[in-house]
Amino acid sequence: EIKIGATLSATGPASFLGDPEAKTLEMLVEEVNAAGGINGEMLELVMYDDGGDPNKARTFATRLVEDDEVAAIIGGTTTGTTMSIIPVAEDAEIPFISLAGAVDIIDPVKAWVFKTPHTDRMACQKIFEDMQKRGVTKIGMISGTDGFGASMQAQCKGVVGDYGIEIVADETYDPKDADMTPQLTNIKNTAGIQAVLNPGFGQGPSIVTRNYKQLAVGLPLYQSHGVASKGFIDLAGVEAAEGVRLPAAALLVADILPDSDPQKAVVTAYRDGFEKKTGTPVSTFGGHAYDAFMILKGALEKAGGEPAAIRDAIEGTTGYVGTGGIVNMTAEDHLGLDLTAFKMLEIKNGDWTIVE
Amino acid sequence: MSELLQFLFSGVTVGAVYALVALGFTIIYNASDVVNFAQGEFVMLGGMATVFAHAAGLPLPLAALVAIVGTAAVGVALNRLAIEPARGAPVVSLIIITIGASIFIRGAAQLVFDKQIHTFPAFSGDDPIRILGATILPQSLWVIAGAVLVFVALWLFFTRTLLGRAVLATSNNRLAAQLVGINTNFVMTLSFALSAGIGALAGVLVTPITLTSYDVGLTLALKGFAAAMLGGMGNPKGALAGGLLLGLLEAMTAGYLSSQYKDAAAFVVILAVLFLMPQGLFGRKSTDRV
Amino acid sequence: MKLTPKTATLLVLAALVAITPFFFPSGYYYRVGALIFVNGLAVTGIVILTGYAGQVSLGHAGFAGIGGYACALAPVHLGLHPALAVVLGAVMSAALAWLVGRPILRLKGYYLGVASLGMGILISMVLNNERWLTRGPDGIDVPDLGLRGVLKDWGLNLSNGEFWYFFSGIVMILGAWAALNLHQSPTGRALRALHGSEIAARTVGVDVSRLKLQAFVISAVYASVSGSLLALQNKFITPDVAGFMHSIEMVTMAVLGGAGSVLGAIFGAGILTLLPQVLTVFAEYEQMVLGLVMMLVMIFLREGLLPSILRKLRGTGE
Amino acid sequence: MLTVEGLRSRYGRIEVLHGIDLHVDSGEIVTVVGANGAGKTTLLRCLSGVQPVTGGSITFRGEALTPVPAYKRLKRGLAQSPEGRQIFTNLTVEENLRLGAFLFSDDRVEKDMEDAFQMFPILKEKRNLAAGGLSGGQQQMLAMARALMGRPSCLLLDEPSMGLAPIVVQQIFDVVKGLKALNVTVLLVEQNAFGALKIADRGYVMETGHITMSGTAAELIADPRIREAYLGI
Amino acid sequence: MSLLDIKGLGITFGGLRAVNEVSFSVNPGEIVSVIGPNGAGKTTLFNMISGVYLPGAGQVVLNGEDVTGMRPDLLARRGMSRTFQNLQIFQSMTVLENAISGYHLQERGPVLADLLGLPSSRRRSKAAEEGARALLARVGLERAAEREAGNLSYGALKRLEIARALALNPKVLLLDEPAAGCNAVETEEIDHLIAEVAKSGVAILLVEHDMKMVMRISSHIVVLDHGEKIAEGDPATVSRDPAVIAAYLGTEAENADG
Ligand SMILES: Nc1ncnc2c1ncn2[C@@H]1O[C@H](COP(=O)(O)OP(=O)(O)OP(=O)(O)O)[C@@H](O)[C@H]1O
Ligand SMILES: Nc1ncnc2c1ncn2[C@@H]1O[C@H](COP(=O)(O)OP(=O)(O)OP(=O)(O)O)[C@@H](O)[C@H]1O
Ligand SMILES: [Mg+2]
Ligand SMILES: [Mg+2]
């Protein structure tokens with residue numbers, strides 16, 4: 001029997017992400033065991049809920065390593081929890097696949113640390129690419145002050161220059177805020193703005209989108225991959241969400257993918273399985289966990305239960321087709337995704353469409 | 001000009017939300033000197049229960065009613081099962097009980113409901129009302145009206161009715177209250193029912209604006225608490241004024257200074273006010289003599 | 001010789017720190033133990049402020065944040081040794097407490113609560129927002145204390161977990177020792193007196209505002225050192241240490257265990273640190289059980305776990 | 001009217017009433033005297049129901065009183081002016097009095113309030129002031145007046161003369177005496193034993209939780225032991 | 001010059017002149033009683049003298065120094081000590097600790113020494129404890145020393161307050177109704193105690209409604225009514241003053257002899 005560990009933020013401020021991740025892992029382990037395990041060995045999943053608290057995450061990581069003696073760790077829903085797990089994994093030399101966004105997790109590369117979600121820098125790049133295509137040169141930005149929003153804000157500021165775009169208004173909001181009209185009013189009143197970008201996840205972006213419509217700003221609005229779930233459209237309201245663009249993985253648009261798309265089969269199967277099992281709509285975050293698990297599974301099949309061998313096998317992952325894209329890891333790249341993994345989506349009539 | 005007006009609208013909307021939560025604090029505080037940190041959970045329950053009752057097929061008004069009554073029942077249960085048995089315990093112990101209760105309710109909500117974010121349609125549509133270049137949503141007017149209404153009702157209750165007086169007497173001196181024939185247990189039950197009901201009402205009114213999920217309670221409780229203290233705990237006037245002021249402060253800071261430090265500015269003002277008026281704006285001074 | 005409460009408490013604590021490791025099945029338990037001690041140190045400060053002097057703070061995590069970030073930043077930016085960074089953090093916390101304490105300690109009860117809450121939130125906001133310095137909500141790395149290496153050179157080879165267990169344990173016992181000294185000392189008595197009646201304390205000559213301020217500063221130092229230890233142990237820190245929840249946690253630990261006594265509060269820290277670890281078996285019921293435990297303890301053991309249990313024991317003993 | 005048999009009560013583990021027997025007949029004024037800490041206050045607290053009884057019985061107008069919760073005892077006719085006054089400091093004088101008549105909402109409330117103001121004119125002057133601002137003696141008057149607002153048939157007074165000016169002490173004792181005419185029964189705990197015994201019909205002496213002596217007021221005043229131990233003569 | 005000089009003290013509360021232009025003085029060894037009807041302003045006067053209230057007018061001169069409106073703790077350092085009409089006990093401390101806290105000014109020292117439990121700190125505590133035990137014996141509370149103060153009966157608490165006030169070793173002692181809640185015999189014991197303290201050279205200012213006590217031990221009596229001083233003099237003079245009898249004494253004077 002092989003033990004794998006997970007510490008996720010199934011409750012707390014990031015439960016929006018952690019909850020589908022946890023459910024996905026449970027579902028997949030069940031499936032694998034039902035199919036006879038890996039190379040005949042059953043999987044045991046030891047999963048803890050760190051509530052989004054980095055200190056707790058570290059304790060649970062220690063527990064997974066020292067007490068449960070797992071072969072590998074999946075988790076770290078947020079960048080904060082991930083960063084506090086890293087020293088534990090590195091010290092104990094246990095492979096660790098993070099589900100958090102920040103590029104810092106794998107840059108610089110750490111021997112035992114991998115991650116599956118696109119980095120926030122990639123999201124920025126994808127968005128700016130699209131803006132560039134539309135001839136946008138001046139934008140306003142409104143970001144959440146949580147880890148996700150703040151980190152993406154910083155990354156976007158870092159790469160925005162590469163696209164000849166200038167951020168002329170830079171506002172923030174607290175993730176639990178009820179109204180963002182003051183910030184949006186300021187953005188609206190800033191001369192020359194051609195588009196607005198809103199890095200953030202949870203309810204903030206929905207409220208931003210509603211307020212955006214309330215104020216009739218009338219410029220293209222970009223959201224981040226943090227809101228890539230069907231729920232966003234419902235919460236923001238179909239009218240308000242009309243025309244909003246965001247970068248996202250293929251998972252969200254499984255139905256409208258062309259049949260030729262290599263990801264189509266994978267994402268459709270995962271989505272159907274997840275929605276059947278949990279009764280809740282699928283989100284990209286669950287997809288990150290799916291990818292992490294599948295990559296780990298591939299490595300276990302190849303390498304057996306030895307941590308060092310698993311690590312090497314993960315690093316050797318090539319051509320893995322997941323919900324996030326096609327993964328090709330190397331010793332220098334512990335993510336293995338490129339910009340093509342992202343699709344630029346636009347909301348039309350309450351549904352996703354793919355922007356060419 | 002329209003900018004200022006927009007900030008004002010935003011501030012009043014958010015302020016009314018805070019005021020509703022702060023008003024909820026008032027009653028339990030007046031009956032027992034306890035700041036009920038589970039107040040935010042009542043707001044959450046109001047919103048979430050409405051969402052789920054609505055989804056189960058009840059028309060919205062009925063769903064809201066069910067949610068309010070149900071939450072009031074939770075309030076009564078909280079008093080009966082947790083506050084009443086701890087009678088005579090020091091106030092800090094009671095506060096820890098309410099914190100425990102809020103954790104419990106939150107934990108229960110994530111099981112009974114779910115961990116998703118929800119909303120339901122605004123009562124009178126989403127078309128913003130335009131005034132002098134600024135806009136406000138009709139739902140904001142509902143929230144503001146709700147806050148004012150609850151304020152007036154509470155104010156009348158505490159100043160015009162014998163029962164309201166009895167509530168105040170119960171916290172002022174529970175022993176004496178019993179000696180004059182006040183059923184202090186009933187007063188407590190009533191207070192919790194009312195507080196929870198008002199909290200749930202707040203949840204119903206604000207959900208179309210703020211959205212809701214199992215964990216919205218904590219932030220609301222915190223802001224409501226700050227608002228209530230700014231205005232002076234225990235006084236409905238203070239709750240209303242404190243809530244609106246806090247909302248306006250946040251909006252003005254976000255608009256004119258820095259959105260990053262808008263909460264900071266709010267707290268700086270609270271500190272400044274308390275420095276000058278240690279009982280908040282409308283708080284009563286304790287009149288005990290030596 | 002009669003065992004005074006002070007020596008009894010210290011003996012119990014020392015025995016706990018020294019003996020429990022013999023029963024540890026794995027290294028993870030050292031980690032949990034170390035966390036208990038770090039929290040125990042922080043709540044000992046709360047005992048002085050709240051238990052003795054009766055002043056409630058809902059913002060003490062702010063000081064833990066200062067202590068923690070001092071360890072992250074001072075070595076990098078000022079070239080200080082991490083151990084000196086702990087001292088620097090404590091000094092900064094004390095200075096801030098001294099500055100802020102003057103105006104806010106005039107407030108009473110919930111008003112003090114909300115003012116200290118504001119202070120804590122301001123600190124955590126700075127840590128969150130000033131990315132250029134703190135790297136924001138995602139946190140920042142903290143250098144190694146280096147003491148483990150020194151001990152190794154002296155022939156004492158401890159694992160990381162063991163080292164932090166014993167090191168935090170010793171610091172906590174030192175903290176408890178000082179708090180116990182204070183309890184029976186003139187200052188401690190004056191603090192407890194002003195808790196009982198400020199007016200009466202004044203008329204016996206207690207400079208009430210000064211004493212409250214002293215208690216506030218001392219407890220800030222406790223919180224700060226606790227934050228430093230946590231940061232050094234984790235080698236990583238996020239603004240969460242300074243967050244409101246952490247402040248509430250400190251007060252809850254103290255009150256749950258018995259805010260009036262050092263041993264009680266540390267006991268509370270132990271319980272509340274252990275609970276989430278134990279409750280993992282309840283999976284999604286964890287939160288509910290945690291809330292339930294808090295309520296039940298306060299309902300049935302209203303003076304706090306330890307004092308109530310001791311009272312019950314004594315009650316049957318007689 | 002009021003019969004107490006074998007009453008025991010304790011604070012935590014320490015018993016302070018070790019079996020008290022006493023009775024008060026209808027329309028009587030009965031006084032209890034005793035040193036500091038004898039348990040007089042505890043006795044009255046048991047009678048008004050705010051102190052748990054651990055043994056014995058209390059019968060009031062033929063009914064067992066022990067199971068009746070404190071707040072219902074006023075309805076039965078039992079009012080108390082407690083030790084330490086226990087007024088509602090945050091409410092006004094008038095609100096205090098109004099709450100004294102919490103159980104009633106008829107016209108008599110107004111009249112009773114006027115009577116109270118007549119008895120203690122200073123309270124009328126201060127009717128809109130927070131009661132916490134009153135002087136000690138004024139608070140004592142308020143406590144007494146509030147108890148009377150409850151229209152008791154049996155009044156329990158715990159040191160009603162404490163902190164009052166001599167001229168008011170007289171007045172208070174006159175009022176108590178006057179209650180007799182209204183057929184109100186009074187149980188009076190007093191440190192001013194002399195004044196109390198002068199208006200009382202009977203008296204009890206309490207020492208460390210026991211009744212050690214009882215008799216008519218005249219007997220007690222004449223008793224040399226009492227004169228020495230309590231009257232200081 | 002007397003030890004304590006009250007010069008034209010006055011204060012108003014929302015239009016009410018609670019105390020108006022009151023002057024008198026107290027010398028070492030003297031017992032000056034302030035009497036008057038309820039609400040006359042006696043406690044308010046005490047509160048102004050002891051720095052609890054800020055006087056609206058007038059001066060308090062202690063030992064030649066103007067101490068008007070000075071903080072109570074600074075007054076304590078200058079030798080002023082008081083008890084309260086509304087008990088101010090440190091409820092959750094033991095009786096002994098309550099008494100020891102009266103020694104605060106003598107026992108206090110650097111916080112650091114207290115935190116580190118230095119011998120100096122322990123020495124200071126020890127000395128205070130010895131004094132406190134002796135004082136408790138003096139007020140008849142030695143047997144209650146280890147009890148939690150909140151559990152004492154009213155009369156016992158009154159005596160505890162006196163002990164605590166005495167612990168300061170004051171030059172001026174303000175006693176607000178020290179005998180309230182005590183019976184005639186207990187009152188007499190307090191009588192003796194006060195007289196003894198006065199004899200040791202302490203200036204005592206006393207508010208008390210027990211006329212027997214006041215007449216017995218006062219060297220001088222000041223009568224207040226509605227905040228004004230309406231009479232003063234030695235006990236005999238005052239007790240015969242018709243204004244005093246009308247406003248305050250009533251016919252109690254005769255009764256007391258019965
Ligand atoms: N809350 C309490 N907890 C513990 N013991 C108490 C408490 N209240 C009173 N006692 C004790 O009970 C005994 C009786 O007290 P009680 O107050 O009934 O006396 P009393 O006769 O009214 O005295 P006094 O004349 O001083 O008011 C005393 O020994 C007292 O110390
Ligand atoms: N803080 C206050 N607010 C309002 N009124 C006050 C305040 N303090 C005192 N007073 C008023 O001042 C007057 C004097 O009160 P004080 O307590 O000094 O009387 P006293 O002479 O001590 O009476 P007693 O003999 O009843 O104790 C009273 O009428 C009282 O109502
Ligand atoms: Mg008594
Ligand atoms: Mg007085």
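Me: What makes the shell around ligand 1 divide by class as it does?

Reply: The shell divides into 6 nonpolar, 9 polar and 4 charged residues, because Ala, Val, Leu, Ile, Met, Phe, Trp, Tyr, Cys and Pro count as nonpolar, Asp, Glu, Lys and Arg as charged, and the others, Gly among them, as polar. This is a predicted model, in which local features need pLDDT of at least 70 and side-chain atom pairs count only at pLDDT 80 or more, while totals for chains, interfaces and linings use all residues, and side-chain values use heavy atoms, with hydrogens and water left out. Residues are numbered from 1 along each chain as its sequence is written, with chains lettered from A and ligands numbered from 1 in the order in which they are written.

Me: How many residues surround ligand 1, and what makes a residue count as one of them?

Reply: A residue counts as near a molecule or strand if one of its heavy atoms lies within 4 Å of it. Ligand 1 is surrounded by 19 residues, and the closest are D:Lys40, D:Thr41, D:Thr42, D:Gln191 and E:Asn151. Ligand 1 itself lies between chains D and E.

Me: Why is the pair formed by D:Gly39 and ligand 1 called a polar contact?

Reply: A polar contact is a pair of N or O atoms within 3.5 Å (within protein, one must be able to donate a hydrogen and the other to accept it, and residues adjacent in sequence count only if both atoms are side-chain atoms). A backbone N or O atom of D:Gly39 lies 2.9 Å from an oxygen atom of ligand 1, and therefore the pair meets the cut-off. At D:Ala38 a backbone N or O atom is 3.2 Å from a ligand 1 oxygen, and at E:Tyr154 a polar backbone atom is 3.5 Å from a ligand 1 oxygen. The protein covers 86% of the 640 Å² of accessible area that ligand 1 has on its own, by the Shrake-Rupley method with a 1.4 Å probe (for residues, only the protein chains shown count as cover).

Me: Which elements give two or more residues to the shell around ligand 1?

Reply: They are α1 (40-48) of chain D and α7 (154-167) of chain E, where helices (H or I, at least four residues) and strands (E, at least two) are DSSP runs numbered from the N terminus. With 3 residues, α1(D) gives the most.

Me: How do you know that E:Thr43 and E:Gln85 are donors of the magnesium ion (ligand 4)?

Reply: Their atoms OG1 and OE1, respectively, coordinate the ion at 1.8 to 2.1 Å, and donors are N, O and S atoms within 2.8 Å of the metal (3.2 Å for Na, K and Ca), although water is not among the atoms, so sites may look incomplete. E:Thr43 lies in helix α1 (residues 42-49) of chain E and E:Gln85 in the loop between β6 (80-82) and α3 (95-101) of that chain, so the pair ties together parts that are 42 residues apart in sequence.

Me: Is E:Thr43 buried or exposed, and which value decides this?

Reply: Buried means under 20% relative accessible area, exposed over 50%, and partly exposed in between (1.4 Å probe, protein chains only). E:Thr43 has 9% relative accessibility and therefore counts as buried, as does E:Gln85 at 7%.

Me: Where do the protein donors of the magnesium ion (ligand 3) lie, and how is each classed by accessibility?

Reply: The donors are D:Thr41 (OG1) and D:Glu83 (OE), 1.9 to 2.0 Å from the ion. D:Thr41 belongs to helix α1 of chain D and D:Glu83 to the loop between β6 (78-81) and α3 (93-100) of chain D, so the two link parts that are 42 residues apart in sequence. D:Thr41 is buried, at 17%, whereas D:Glu83, at 21%, counts as partly exposed.

Me: Why is the site of ligand 2 called shared?

Reply: Residues from chains B, D and E surround ligand 2, and therefore the site is shared between chains. Of the 23 residues around ligand 2, those that come nearest are D:Lys126, D:Ser135, D:Gly137, E:Thr43 and E:Thr44. An N or O atom in the side chain of E:Thr43 is 2.6 Å from an oxygen atom of ligand 2. Of the 630 Å² that ligand 2 exposes when taken alone, the protein buries 91%.
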